[in-house]
Every structure is written in C-alpha cells, then in structure tokens.
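Here's a quick briefing on the fold, the sheet, the core and the ring pairs of the structure below. Have the viewer open while you read.

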Amino acid sequence: MFDVWTKEEHLAKWWGPQGFTTNFHKFEMKPGGTLEFIMYIPDSVDFPNTNVFAEIVKSERIVFKHTVFPHFVATASFEELDGKTKLTYCTVFEESAATFDQVKTYAAPSAEQTRLFIENGIDVSEAHTCEDTLEDYFKKIAEGVGIA
C-alpha cells in the first residue's frame, strides 16, 4: 500500500476524484520535496496543486503540506493488521471554518470515492480515472503485467 502512495507510476492511476485525470509535473518523494500536479476534468476547469512533503517514514507515514488554496496539512498513516494495511488519512485545514465548510462540499465526496476504492478494492464509478480496482491493480503489480 505504501508504494501505491509513493511511486508516481502508481499514484497517477488512482489519485483524484471521479471523472478527473491527474498529470504530475514534479514528484520529489523526500522530506522537503515537491509534488506538483494538475487535476483535469474533461471540458472544465484545471486544478493545479502543489504539495511539499514534511515527513516520510517508509511503510508508516507520509505528511505533506498543500501550499495552494485551500491550505492544509495531510497525514497518511499505514498500519499492518492481520496481513492487510490499515490506512488512516487526516487533513487539518488552515483556513476559516467557513472556508472549510465550502471546501468539504466537494472534497468530502471525492475523499469518500477514494476511501471506498482503497478500502474495498472497488471502482466506485465507470467514469473514475482508475483503470482497475485496487485489488486488481495490486495483482498486476505482483505479476508485472500492464504496469508502465
């Protein structure tokens, strides 16, 4: 699970909400490194994103700061339980409560899509940018099939 979060070739396959495509422009997976990408939705607005990694502890934790609006610090924690990986994702916003309320109208559904995809190994929508269920994607990684 940690590799799916820390390797560009994997992250590009599942990062982003339903209907979006994500193109990475800078991917420096190290403390102080930058992750720059644009999320595209067909025939609509582009959403540029810039994150700076604050902490990376292999197989345990990734902490990054989203440096463009809305500003937040996110932590993804990984814990091995009974042969599976428990993922805990926490985001702390820096803006006002009113801004948070506005952001969560679109961020919460997107986060839920990603959570279901990761947790249940299902593609939550045919329109989702993910090409496989997470379970199928992990099988392809193990077999070295179709991973480019």
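A residue counts as buried when its relative accessible area is under 20%. Both Phe-53 and Phe-64 are buried on that basis, and they come back further down as a ring pair. Keep in mind that this is a predicted model.

**Overall layout**

- The chain has four helices and six strands.
- Reading from the N terminus, you get the element order α-α-β-β-β-β-β-β-α-α.
- The chain has 148 residues, and 32% of them are buried.
- Take the contacts between residues at least 6 apart in sequence: 29% of these join residues at least 24 apart.
- About 8500 Å² of the chain is exposed, with carbon and sulfur atoms supplying 54% of that area.

**The sheet**

- Six strands make up an open sheet in the order β1-β2-β3-β4-β5-β6, and the pairing is antiparallel.
- Its edge strands are β1 and β6 (84-93), each of which pairs on one side only.
- On average, and ignoring direction, neighbouring strands in this sheet are turned by 25 degrees against each other.
- As background, strands of a sheet pair through backbone hydrogen bonds, in either a parallel or an antiparallel way.
- Between the antiparallel strands β3 and β4 there are six bridges. For Glu-55, the bridge partner in β4 is Val-63.
- Between β5 and β6, also an antiparallel pair, there are 10 bridges. Here Val-73 stands opposite Val-92 in β6.
- β5 and β6 form a hairpin with two residues between them. In the turn, Asp-82 has a positive phi of about 50 degrees.

**The nonpolar core**

- The largest nonpolar core holds 19 residues, and the members touching the most others are Trp-5, Trp-15, Phe-24, Ile-62 and Phe-64.
- Two or more residues come from each of α1 (2-6), α2 (8-14), β1 (21-27), β2 (34-40), β4 (61-66) and β5 (72-81).
- β5 is the top contributor to this core, with four residues.
- In soluble globular proteins in general, nonpolar side chains tend to be buried together.

**Aromatic pairs**

- Eight aromatic pairs turn up in a search of the whole structure.
- One of them is Phe-24 with Phe-37: the ring centres are 5.5 Å apart and the planes sit at 50 degrees, so this pair is tilted.
- Phe-24 belongs to strand β1 and Phe-37 to strand β2, so their pairing ties together parts 13 residues apart in sequence.
- Phe-24 has a relative accessible area of 13%, so it is buried. Phe-37 is buried as well, at 3%.
- Now for Phe-53 and Phe-64: their ring centres are 6.4 Å apart with the planes at 70 degrees, so the pair is edge-to-face. The cut-off for that label is an angle over 60 degrees.
- Phe-53 is in strand β3 (residues 46-57) and Phe-64 is in strand β4, so this pair ties together parts 11 residues apart in sequence.
- Phe-2, Trp-5, Phe-78 and Tyr-89 form a cluster, linked by ring pairs.

**Residues to click on**

- Which residue is worth selecting for both the core and the tilted pair? Phe-24 is among the core members that touch the most others, and its ring pairs with that of Phe-37.
- Trp-5 is also among those core members, and it belongs to the ring cluster with Phe-2, Phe-78 and Tyr-89.
- Phe-64 is on that core list too, and its ring pairs edge-to-face with the ring of Phe-53.

Conventions. Residues are numbered from 1 along each chain as its sequence is written. This is a predicted model: local features need pLDDT of at least 70, side-chain atom pairs count only at pLDDT 80 or more; totals for chains, interfaces and linings use all residues. Side-chain values use heavy atoms; hydrogens and water are left out. A nonpolar core is a set of buried Ala, Val, Leu, Ile, Met, Phe, Trp, Tyr and Cys residues joined through side-chain atoms within 4.5 Å. Buried means under 20% relative accessible area, exposed over 50%, partly exposed in between (1.4 Å probe, protein chains only). Contact means heavy atoms within 4.5 Å. Accessible areas come from the Shrake-Rupley method with a 1.4 Å probe; for residues, only the protein chains shown count as cover. Rings of Phe, Tyr and Trp (its six-membered ring) pair if their centres lie within 6.5 Å; planes under 30 degrees apart count as stacked, over 60 as edge-to-face and the rest as tilted. Two strands pair if DSSP finds at least two bridges between them. Axes are lines fitted to C-alpha atoms, for helices over the stretch in contact, and angles run from 0 to 180 degrees between N-to-C directions.
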